[in-house]
Amino acid sequence: MKGITEALRSGSKLAEDYLCTTDAARSLYEYDIRWENGLHARAEWLKQSEHTRVDRHKLAAYLRLYNKRVNDHGKVHAAITRLVEEDALVVTGGQQSGLFTGPLFVIYKAASVVAAAREAEQQLKRPVIPVFWIAGEDHDWDEVNHTYLPDKQGQIHKVKLQGHFKGKDSVSYVEVKWDQWETVLNQVEQLLPDTIHKPGLIKLITEIHQSSANLSDAFARMISALFAKTGLVLMDAADPELRKLEKPVFERLIRKNDSLREAYLQGASSVEQAGYSTSAEVAEDGANLFYIHEGTRLLLMLKDNLYQDRKGLVSFTEERLLQELEDHPERFSNNVLTRPLMQDSLLPVAAVILGHGEIAYWGLTREAFRTFGLQMPILLPRLSFTIMEEVQHKYMKQYGLSFQDVQNQLEEKKAQWLTKQETFQVDERFTQIREQFVTLYRPLLDQVAEVHPGLNRIGEANLAKMNEQIQYLERQTRKAIEDKHQVSLRHWNGIQNALFPMGKPQERVHNALFYLNRYGTEWIEELIKASADFRGEHKVISL
């Protein structure tokens, strides 16, 4: 698989500096991106801190049950068996559920977990298991109920689950009925061009969604279909059975809430002192926990020694909250700041795969890890790609475009190209005509105003109308030129829609179904095999 490194805008200064091992950013993390330097030290720390985590046998028992249901593959069960070994470690990463797995970067993140686990196992000479979290406890339904696919002409279409969910329950608890699945499946079938892979792909995703009552289950089964043969183990953060295992960890989060809150505030202060903005809210009265009340996921605050939400729907003393945890652990949920602590209390994490935004908010958590008796793991940036098909490569070469041109100045380049195609220079000629017209017409207005003052107003109105007519003719001339070159302009728009659809990187918009339909599934394994270097580089690849 060919790959060319290209710069891609990140949006997070802290993450970029972490990738570049800048001193200011490095001070906020336990290890740096040169993970091979810290891997053995991390493994030794995990060996010494085994007592801080949930019992491996109980965890494995849960994982067997969950994966039997949504990820039933011999290599997955073999990986879970290996996890029980006392020296086994984990590389993990996670993502909220998305329709048909959501954007391409979700596939890249799962591939990153597998690739990094293989690399770590090779370096450490001990079992390293890839584990992928499904953040089913997240409740932003409008963020995950849709995806985007190009049609046969390359135009981007939004595929969305019909129906409106009004509550704030976890995504894993939102029921999706067959008629809703059927609608989006039909839309996908219409959008995807006919290929040798299409019949099998449509059959696969139809069977998956016939067996799924919610988005998280469908997401898990989709990830399983693509990665089970690699031994990727799945877990849903919202699973009630997992909550039972997590109960002692939630108890510690509650009992140590005051010191943890101070640790997060200290983390925010450290981030700001290092010259960065905080990427997650750290409230002085925040409990950094959610409570699910009557189908609504409520963020808890701590005020006057009471745990309550901002609307006053629930209110607990610490003793009452702990009793609620004992009776109903499924009602408790982490926020973005406590989720890392929960993850490391469950799994012997050698390294975690993160996106740039996640790397930035993990910069808030180092002191919290220490307060909780843990140590922040090695953070690795997920793999990042743009798929360049032959047709885009051909047209970019034809029009003299680089990847950076497409990313940063495609509209400008297109306008320049269009101008060069005509001997008739629209800007120059119409600017000239307007200036000449005003030069001729303005003296006339001065003269008629001497005849009668009211004629000046009429003349100004006429001047405005005639300028409007000139502008109208200019627009029509531009349109005629565009129509004349519409085939070439479709090439330009096709480049845009393929590489930076909706003005965003391809990996954040396109769904993997488009490429699975064209190329099958083998390219995913190729990505994994070709990816042993985690330096945060973006690569343009051809399939």
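Biologist: How many bridges join strand 7 to strand 11?

Modeller: This is a predicted model. In it, strand 7 covers residues 286-293 and runs antiparallel to strand 11. One facing pair is Tyr291 and, in strand 11, Phe332. The number of bridges joining strand 7 to strand 11 is 3.

Biologist: Which strands stand at the edges of the open sheet with the order 10-9-8-7-11?

Modeller: That sheet has 5 strands with antiparallel pairing. An edge strand has a single partner strand, so one side of it is left without a neighbour in the sheet. The strands in that position are strand 10 (315-316) and strand 11 (332-334).

Biologist: Which helix packs on this sheet, touching strand 7, strand 8 and strand 9?

Modeller: The strands touched are strand 7, strand 8 (296-303) and strand 9 (306-308). The direction of the helix makes about 120° with that of strand 7. The helix covers residues 257-273 and is helix 12.

Biologist: What is the order of the strands in the open sheet with parallel pairing?

Modeller: This sheet also has a stated number of strands, 5. Strand 6 (233-236) and strand 13 (378-381) are its edge strands, each pairing on one side only. From one strand to the next the twist averages 25°. The order is 6-3-2-12-13.

Biologist: Which residue of strand 12 is the bridge partner of Thr92?

Modeller: Strand 2 (residues 89-95) pairs with strand 12 in the parallel sense, over 4 bridges. Strand 12 (residues 349-354) is also joined to strand 13 by 4 bridges, again parallel. On the strand 13 side, Ala351 has Ile378 as its bridge partner, and Leu379 is the partner of the residue asked for. That residue of strand 12 is Val352.

Biologist: How many of the residues of strand 12 are buried?

Modeller: A residue counts as buried when its relative accessible area is under 20%. Strand 12 is largely enclosed by the rest of the structure, because the count of buried residues is 6 of the 6.

Biologist: Which helix gives the most to the largest nonpolar core?

Modeller: The largest nonpolar core has 147 residues, and Phe100 and Phe227 have the most contacts inside it. Leaving out residues up to four places away in sequence, Phe100 touches residues including Val159, Val184, Leu185 and Ile205. With 14 residues, the greatest contributor to this core is helix 6 (residues 104-124).

Biologist: How many residues has the other core, which lies apart from it?

Modeller: Among the residues of this other core are Met396, Leu410, Ile481 and Phe500. In soluble globular proteins, nonpolar side chains tend to be buried together. The number of residues in this other core is 18.

Biologist: At roughly what angle do the axes of helix 4 and helix 10 cross?

Modeller: Helix 4 covers residues 56-70 and helix 10 residues 215-227, and their axes come within 9 Å. The crossing makes helix 4 roughly perpendicular to helix 10. The angle is roughly 85°.

Biologist: How many charged residues has the contact of helix 4 with helix 10?

Modeller: Helix 4 contributes Tyr66, Arg69 and Val70, and helix 10 contributes Asp217, Ala220, Arg221 and Ser224. By class, 3 of the residues in the contact are nonpolar and 1 is polar. The number of charged residues is 3.

Biologist: What percentage of the 543 residues in the protein chain do buried residues make up?

Modeller: The protein chain has 24 helices and 15 strands. Its C-alpha trace spans about 95 × 60 × 50 Å along its principal axes. The buried share of the 543 residues is 53%.

Definitions and conventions: Residues numbered from 1 in each chain as written. Predicted model: local features only at pLDDT ≥ 70, side-chain atom pairs only at ≥ 80, totals over all residues. Heavy atoms only, no water. Pairing = 2+ DSSP bridges. Helix = DSSP H or I, 4+ residues; strand = E, 2+ residues; numbered from the N terminus. Axes fitted to C-alpha atoms, helices over the stretch in contact; angles between N-to-C directions. Core = buried A, V, L, I, M, F, W, Y, C linked by side-chain atoms within 4.5 Å. Buried < 20%, exposed > 50% of the residue type's maximum accessible area, 1.4 Å probe, protein only. Contact = heavy atoms within 4.5 Å. Parallel < 35°, antiparallel > 145°, perpendicular 65-115°, else oblique. Nonpolar A, V, L, I, M, F, W, Y, C, P; charged D, E, K, R; others polar.
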